[in-house]
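Please examine the sequence and the structure shown below. The explanation that follows proceeds from one residue to another.

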Amino acid sequence: MLATASVTGSGTQTKLFDESPCSPVWVYEFEQQSISLSAVNILFSITAIIGNSLILVALHKESSLHPPSKLLYRCLATTDLLVGLITQPLYATYWMSLAQEHWSLCRYSFDGCVVTGYALCSVSLSTVTAISVDRLLAMLLGLRYKEIVTLRRTYVILAIIWVVSLVAGLFCHLDDRINAWYSLIGVLCCLIISIASYIKIFCALSHHQAQVQDHVQQQPSQRNALNIARYRKAVHSALWVQLALIVCYVPFFISRTVITLTKERFRNFVIIHEMAVVLVLFNSTLNPFLYCWKISEVRGAVKQTIRQAFCYE
């Protein structure tokens, strides 16, 4: 959310708002949109809570996944659950309090939404990047992977991610320049690491496939073939989660960049920016569907959990 511009009666001139996001000017400009944004975020909040709760239960039951890899997915699901429990209700409360002109509630909900939103989105982005690195290490380390990528080390990395993200969320709220630079540098670094990891992974897989074709007479063991097939499946699952995050986050960071670089904005641009915020938060609803679609072990555990919930005797 941002300081924005008011359109004059002719609709051809703009001026920058000096008012805070909790002011009568915002009520006048976005009264109708505030109702729609509140309703959409309440809906996505409910779906994010239900979906990620099911995923966390399923991951708790699932034992075939490597513990550090499972921990990374549990962290991502927990982050998405917190978005549904905290950030989206705060975002909906902000717009409802703005429409009702409850200024004190509006300010508190706006501040809470910004801090938790940046912190949790930072955790999500960093965790997805860590998943891509985890998949790369599984390829490069081979049999040494389970010795080096341990549960304890994964906990340490995730703890660092959470601390850095929480501190960044606070500072991003206090200073727009920190907000802009942290968003730009953080996103670029995560994207570069993830892209490099997946390029290296697919190059290695292509090289392995070429070796198999060049040595047909030396048939690989069934166990090795199954391991490669399972690894490919795990990589594709992680890649889908990565692509979904990029699709949901890119519009927001483009709009934030435009906001940082420009001084005047039309009213419609503000609406586009707020829709981009909704898309970012929607990622928390989308991820559980991706887990069920791409990870068969999770899908089976979710089905079992639902059957037990509705057929409990």
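With which side chain does the side chain of Ser-194 make a polar contact? In this predicted model, the partner is the side chain of Gln-242, at 3.1 Å. Ser-194 itself belongs to helix α6, which comprises residues 176-214. Its relative accessible area is 2%, and Ser-194 is therefore classed as buried, since the cut-off for that term is under 20%. When residues up to four places away in sequence are not counted, Ser-194 touches Thr-129, Ser-132 and Gln-242. Gln-242 thus appears both in the polar contact and among the residues that Ser-194 touches.

A second serine may now be considered. Ser-69 lies in helix α2, formed by residues 67-100. Ser-69 has a relative accessible area of 8% and is likewise buried, because this value is under 20%. Apart from neighbours within four places in sequence, Ser-69 is in contact with Asp-134, Arg-135 and Tyr-145. With one of these, Arg-135, Ser-69 shares a side-chain polar contact of 3.0 Å. Thr-150 stands 81 residues from Ser-69 along the chain, and the C-alpha atoms of the two residues are 9.6 Å apart.

The residue Arg-135 leads to a further interaction. Its side chain meets that of Asp-134 in a salt bridge, with a distance of 2.9 Å from N to O. Both Arg-135 and Asp-134 are buried. The count of salt bridges comes to one. Arg-135 therefore takes part in a salt bridge with Asp-134, as its nitrogen lies within 4 Å of a carboxyl oxygen, and also in the polar contact with Ser-69.

How values were computed: Residues numbered from 1 in each chain as written. Predicted model: local features only at pLDDT ≥ 70, side-chain atom pairs only at ≥ 80, totals over all residues. Heavy atoms only, no water. Helix = DSSP H or I, 4+ residues; strand = E, 2+ residues; numbered from the N terminus. Buried < 20%, exposed > 50% of the residue type's maximum accessible area, 1.4 Å probe, protein only. Contact = heavy atoms within 4.5 Å. Polar contact = N/O pair within 3.5 Å; in protein donor to acceptor, adjacent residues only side chain to side chain.
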